[in-house]
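Got your viewer open? Let's take a walk through this protein, one selection at a time.

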Amino acid sequence: MSHESNPKVREVNFDGLVGPTHNFSGLAHGNVASMTHEGLVANPREAALQGLEKMKSLMDAGYAQGVLPPQQRPDLGALRALGFTGSDTQVLSRAASEAPQLLRAVCSASSMWTANAGTVTPSVDVPDRRVHFTPANLQSSFHRYLEPATTGRVLASIFRDERHFAHHPVLPATPAFSDEGAANHTRLCGDHGESGVHLFVYGRQAFGGDGIEPRRYPARQTLEASQAVARQHGLSAAQTVFAQQHPEAIDAGVFHNDVIAVGNGPVLLYHEMAFRDEQGTLDALRARMATPLIPVRVPVEAVSLDDAVASYLFNSQLLSNPDGTMTLVVPGECQEREAVWRCLQDHLLAGHNPIAEVVVKDVKQSMRNGGGPACLRLRVALSAAERAALSGRVLLDDALHGELTAWVERHYRDRLAPADLADPQLAHETLTALDELTRLLKLGSVYPFQR
Ligand code: SUG
C-alpha cells in the first residue's frame with residue numbers, strides 16, 4: 001500500500017467540556033463505575049475544572065488541544081416527545097414524580113466523553129483527501145441516544161469547510177448498527193501524517209455470527225456498524241481490520257475497547273484479554289501496516305481484568321513527542337492499585353517500547369461515571385491546511401482556557417444530587433451558560449433552544 005507522509009499533520013485532541021448538569025445517575029449498565037456511584041452527590045464545577053486542567057497541562061506540554069461544547073440538558077424536548085406537557089417547570093416536575101429514571105437520562109452530561117462522539121478518518125487515508133466524520137448513534141442507552149443530533153451539528157459547525165471535511169449520516173439507530181464511535185476504533189500508522197490501518201473492535205455480530213458473545217453485560221458495538229462506518233469513509237479491505245472484543249472482558253465491565261487497549265502511531269498497548277483472537281488480530285494488522293507494529297502486551301498475571309477496569313490503565317492517552325518517544329496520560333486511580341502502578345513502572349516504562357513518560361491526571365468526577373482521560377477526548381489528525389480551515393474558536397490557548405475557567409466558575413454549581421435535577425432553576429442556569437458559551441466559542445446556533 002502507499003506510504004504517504006505529510007509531516008505537518010498533527011493529532012488534535014478535542015476534549016469534551018463537562019456540562020453543568022454532571023451527576024451520578026447509574027445510567028450505564030455494564031459500566032462498573034457508573035453502576036457503583038449511582039446516587040452520589042456530584043460536583044459539576046470540579047468536574048469541568050478537572051477537564052480544563054487536563055487540557056491546559058497537555059497544551060502547555062506542547063500537544064495540540066481542542067475543545068467541544070457540552071449539550072443542552074435537561075433535554076426538555078425529549079421529555080415532551082415522550083408525552084410530558086405544560087410549562088418547562090411542569091414537564092420537569094411531572095417527569096420527576098412519574099418517571100424519575102427518564103428525568104435522570106435527559107439530564108446526563110454524558111457528551112463529555114467525546115471518544116463516543118463519532119468516528120474520524122484523517123484525509124491521508126481517504127481517496128477524496130478530506131477528513132471524514134460519522135457521529136455515533138449511541139443507541140444502546142437512552143441517555144446517550146439523545147446526543148448524536150447535537151453532536152452532528154457541532155461537528156458540522158467546527159469542521160464546516162467542505163473542501164477539507166466530509167460528514168456522514170448517523171447509522172440507523174437500531175441494535176444491528178449499534179455504534180459507539182472512536183472508543184472502538186484505533187488508527188495505527190508510522191507518523192500521524194502517514195497512511196494508517198484502522199482497527200475496528202466490535203462486541204457482537206448482528207447478522208450471522210457464531211453466538212459467542214458476552215452474557216452478563218451488553219456488547220455496545222456491532223461488526224455491521226463498524227463495517228458501515230468504514231464503508232462511508234471509503235476505507236478499503238487493505239486498510240481495515242475488524243476484531244471481536246473478548247466477551248469475558250465485556251462481562252468484566254470493559255464496555256468499550258478503549259477500556260482495555262490504546263494505540264498511537266505504531267504502538268498498540270493492550271491487555272491479554274482485549275481481543276477474542278489476539279494473534280489473529282496482530283497478524284491482520286501486521287499484514288496491512290506499512291511500518292512495523294509495536295505491540296505492548298499486558299498479561300493477566302501483571303494486571304487482572306478487575307484491576308484494569310477499576311484503574312482504567314488502558315483508558316490512557318498515548319501521545320507522540322517530537323523526539324520519537326511517547327507519553328502515557330493515566331488517571332489518578334492507577335496510583336491506587338499497586339499491581340497497576342508496578343506494571344506502569346516495571347513493564348511499560350522499563351520495557352522496550354517508545355513509552356518514556358507517565359503523566360497522572362485527576363479526572364475523578366468523570367472517572368466515577370466510567371470516563372477516563374481517553375474517553376474525554378476525540379482524536380482528529382489534521383494537516384496545517386485543515387487546522388487553518390477550522391471554524392469557531394475551539395483550539396485551546398491561554399486566553400481561551402482562562403475564559404472557559406471563568407465561565408465555569410460563574411455558572412456551575414459545586415453540588416448536584418439526583419433530587420436537584422427537577423429544579424427548574426438548574427435548567428434556566430444551564431441555558432444561560434450555554435448561550436454564553438456558543439458566543440465564546442464562536443459556534444453559531446448549535447443548540448435546540450437557539451433554533
Ligand atoms: O457510556 N457513562 C459513559 C462513559 C463513557 C466512557 N467512554 C469511553 N469509554 N470512551 C457510558 O457508559 C454514565 C452516566 C451516569 O451513570 O450518570 C455514563 O453514561
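Start with the ligand and pick S25: one of its polar backbone atoms is 3.1 Å from an oxygen atom of the ligand. Keep in mind as you click around that this is a predicted model.

Now add N31, where a polar side-chain atom lies 2.9 Å from an oxygen atom of the ligand. Select R144 as well: an N or O atom in its side chain is 2.9 Å from a ligand oxygen. How many residues surround the ligand in total? There are 21, and the closest are L27, S34, H143, D258 and C375.

**Next stop: the aromatic rings**

Select F14, which you'll find in strand β1 (residues 10–16). Its relative accessible area is 1%, and anything under 20% counts as buried, so F14 is buried. While you're there, click on Q65 too: it sits 51 residues from F14 along the chain, yet their C-alpha atoms are separated by 6.1 Å.

F14 has aromatic company, so add F133, F159 and F165 to your selection; these four form one aromatic cluster. A search of the whole structure turns up 8 aromatic pairs. Zoom in on one of them, F159 and F165: the ring centres are 5.2 Å apart and the planes are at 80 degrees, so this pair is edge-to-face. Are these two residues buried or exposed? Both F159 and F165 are buried.

For another edge-to-face pair, jump to W407 and Y412, with 5.3 Å from centre to centre and 70 degrees between the planes. W407 and Y412 are buried as well.

**A small detour: H192**

Select H192, in the loop between β6 (185–188) and β7 (197–202). With a relative accessible area of 13%, H192 is buried. Which residues does H192 touch, leaving aside its neighbours within four places in sequence? Show V9, E11, R187, N264, G265 and S320 to see those contacts.

**On to an open sheet**

Color residues 261–264, 267–271 and 294–298, which are β9, β10 and β11. They make an open sheet of 3 strands in the order β9-β10-β11, with mixed pairing. β9 and β11 are the edge strands, each pairing on one side only. On average, neighbouring strands here are turned by 10 degrees against each other, ignoring direction.

Look closer at β9 and β10, which pair in the antiparallel sense over 4 bridges. Pick G263 and you'll see L268 of β10 standing opposite.

Now show two helices. Helix α10 (residues 278–288) lies across β10 and β11, running at about 175 degrees to β10. Helix α12 (residues 338–349) also lies across β10 and β11, at about 145 degrees to β11.

**Last stop: strand β13**

Select residues 326–331. All 6 of the 6 residues in β13 are buried, so this strand is largely enclosed by the rest of the structure. Turn on the side chains: M326, L328 and V330 point one way, while T327, V329 and P331 point the other way. In a regular strand, side chains alternate between the two faces of the sheet.

What are the partners of β13? Strand β12 (residues 317–320) pairs with β13 in the antiparallel sense over 4 bridges, and S320 stands opposite M326. β12 and β13 form a hairpin with 5 residues between them, and G324 in the turn has a positive phi of about 95 degrees.

Finally, add strand β14 (residues 355–361), which pairs with β13 in the parallel sense over 6 bridges. End your tour at P331, with K361 of β14 standing opposite.

Key. Residues are numbered from 1 along each chain as its sequence is written. Side-chain values use heavy atoms; hydrogens and water are left out. Buried means under 20% relative accessible area, exposed over 50%, partly exposed in between (1.4 Å probe, protein chains only). Contact means heavy atoms within 4.5 Å. Rings of Phe, Tyr and Trp (its six-membered ring) pair if their centres lie within 6.5 Å; planes under 30 degrees apart count as stacked, over 60 as edge-to-face and the rest as tilted. Two strands pair if DSSP finds at least two bridges between them. Axes are lines fitted to C-alpha atoms, for helices over the stretch in contact, and angles run from 0 to 180 degrees between N-to-C directions. A residue is near a molecule or strand if one of its heavy atoms lies within 4 Å of it. A polar contact is a pair of N or O atoms within 3.5 Å; within protein, one must be able to donate a hydrogen and the other to accept it, and residues adjacent in sequence count only if both atoms are side-chain atoms.
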